[in-house]
Amino acid sequence: MHSTSQASHHDHGPSLRQRLAARGLDAVTLLVLPAALFLVLLFIYPFAFGLVLSFEPKAGGSWLANYSRFFADPFLYETIAKTLWLSIPTTLLNLFLAVPIAFRVRLMRNQRILTAILILPITLGTVLVAEGLLNYLGPQGWLNRTLVTFGLASQPLKLLHNYWGVFISLLLTGFPFTFLLTLSYVTGIDPALEQAAATLGAGARQRFRHVYLPLLMPGFAITFCLSFVQAFSVFPSAVLLGAPAGPTRVISIAAYQAAFEEYDYSMASAIAMIMGFVQLAIVVAILASRGLFYRGPASGAKG
Amino acid sequence: MIRDTTIGAKLWATAVWAVVGFFIINLFAMIGTVVVSSFGTRWLGTWLPAGWTTRWYSSAWSEFQLGDVLIVSFQVVGLVVLISGLLGVTAAYALARRDFPGKKLVMLLFLLPLLIPPITFGIPLATVLYQTGLAGTFWGVVAANLVPTVPFVILVMIPFIEQIDPKIEAAARVFGANTFKLFLHVLLPLLLPGILASLLLVLVRTIAMFELTFLVAGPTSQTLVVALYYAVFAAGVRAVQSIDAMAVIYMVTTLIWLLVALRFVNPAQIVTRAKQQPAH
């Protein structure tokens, strides 16, 4: 019995194992399975579960009840505009500041110290930055004290528990992230291209406008997307530094309250899905417009 | 390098450095306020506190049960580092060495948890964990924290493994090494710098990972950063200086590991994780 089946294998060419190995599936490939299964279980499944759950309202009613409630209640749907109103200006400002600084830092020999300093707010995290800013931006904090002492402000500025508190914390934690991403794109471009442009008589502005900008546009688009997505999911600083019932009631606060204050996981999932959808929509819009820009090699033309 | 020497270019350079300087001054002043306040006796309406003391540290330690919180934090971080190392390095090895149908899909699966912010996937994840009863427990916190760290290790390790010549492994096989020996005597020594770097980054990121821990932690499974959030959130209940002392303890635990990490990795790696890996 056994020998006949082996014989038939020989007749029909390589065994199943060999055929799979030829396609790249063997014991080594199986090593990917534990991690992949783990993520399917704890990342894909929760998303699918949340999506289904969002169509099964806690209070009953039609399957779209959560979504129609979200878009009917200004206290809920306004969170989208409020979050965008925080995240888009801060992301744009971060990017506009990061680009000239990255162009300057690119020329530095020892970038390590500067990048190490800038990594600080990212590693310390938003909670600690919020805690620090509560002291620092307060009416008696060092910032207001300095402003009043130097006569730059007649009275302490109100920077806490409003829009600006969250805005400043998003700058402080967002800028290093945007800057380091931008720097990695800027340094990835062959300086020979700029030298060639300079040889041909292009000034600094022309070199930036006609050489760097077209090459960097795709990188800037990705930087904007990643920074925006981070800023859009702002949570601890919006609670601690902002006015979580008023102008900085961002969408993550609405989702959190639905889940952990009203224990309505169905509604919370619906809000999380809307949050994900808005992020996705903006990212897709940005990346789609990437097709309008130059795409090609960013190194010298020797390769 | 091209250096412009016109006045306009010099003014522009000065302006750029002024912005950098302004940012760094504010950053250090912000950190400085926390440190100064944690050592001050009473600080109202002056540049510096009226006197200096260290008693806030002992009161913070007992008020916030920092001993317990720190033990939980280190256990969570240690397990997350260990498990994400095991799962991440093995998966990265398979992805670096083999091309198989559906590989792009698998790469996407590993890329998404890094691109989607934790609070977005954290809420459905917390919902599932609450339904299975894992949320609020120690293992629930570990599982939630592994979701972004496993892909992170994979994406950092893939280029690292790709640069090791497969002929070295083939040679070891020829000389009769079995898979275990091959791993222990050939791959591990070669991969050690990469593993070390990625795990240190995981460590730093997990200490500071607020959102996921916050969403799934119960009273006994809080990490330091979540305890800090609750303390700041309920400000007014405790003395400000006490919370600041806790914040300093948190900063010190993070910064020690950051300094260790910076010896082994380029700081930019902490941020540019998504860009580092080549598209497959």
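The legends below describe close-up views of a predicted model.

**View 1. The nonpolar surface patch of chain B.** F74(B), L196(B), V252(B), I256(B), W257(B), V260(B) and F264(B) together make a nonpolar patch of about 600 Å² on the surface. Helix α11 of chain B, which spans residues 240-264, gives the most to this patch, with 5 residues.

**View 2. V252(B) within the patch.** V252(B), one of the residues that make the nonpolar surface patch, is found in helix α11 of chain B. With a relative accessible area of 43%, V252(B) is classed as partly exposed, because that class lies between the limits of 20% for buried and 50% for exposed residues.

**View 3. The largest nonpolar core.** This core holds 187 residues, and those that touch the most other members are F179(A), F235(A), I271(A), L95(B), F110(B), I154(B) and L228(B). Helix α3 of chain B (residues 66-97) supplies the largest share of the core, namely 16 residues.

**View 4. The surroundings of F235(A).** F235(A) is among the core residues that touch the most other members. When its neighbours within four places in sequence are left aside, F235(A) is in contact with S252(A), I253(A) and Y256(A) from chain A, and with I119(B), F210(B), F214(B) and Y229(B) from chain B.

**View 5. The two domains of chain B.** Chain B is divided into domain 1, covering residues 1-53, and domain 2, covering residues 57-276. The C-alpha centres of domain 1 of chain B and domain 2 of chain B lie 31 Å apart, and the contact takes 10 residues from domain 1 of chain B and 7 residues from domain 2 of chain B.

Conventions
Residues are numbered from 1 along each chain as its sequence is written. Chains are lettered from A and ligands numbered from 1 in the order in which they are written. This is a predicted model: local features need pLDDT of at least 70, side-chain atom pairs count only at pLDDT 80 or more; totals for chains, interfaces and linings use all residues. Side-chain values use heavy atoms; hydrogens and water are left out. Patches are made of residues with over 30% relative accessible area and no salt bridge: like charges are joined within 9 Å, nonpolar side chains (Val, Leu, Ile, Met, Phe, Trp, Tyr) within 5 Å. Accessible areas come from the Shrake-Rupley method with a 1.4 Å probe; for residues, only the protein chains shown count as cover. A salt bridge is a side-chain nitrogen of Lys or Arg within 4 Å of a carboxyl oxygen of Asp or Glu. Helices (H or I, at least four residues) and strands (E, at least two) are DSSP runs, numbered from the N terminus. Buried means under 20% relative accessible area, exposed over 50%, partly exposed in between (1.4 Å probe, protein chains only). A nonpolar core is a set of buried Ala, Val, Leu, Ile, Met, Phe, Trp, Tyr and Cys residues joined through side-chain atoms within 4.5 Å. Contact means heavy atoms within 4.5 Å. Domain bounds come from an automatic or database domain assignment.
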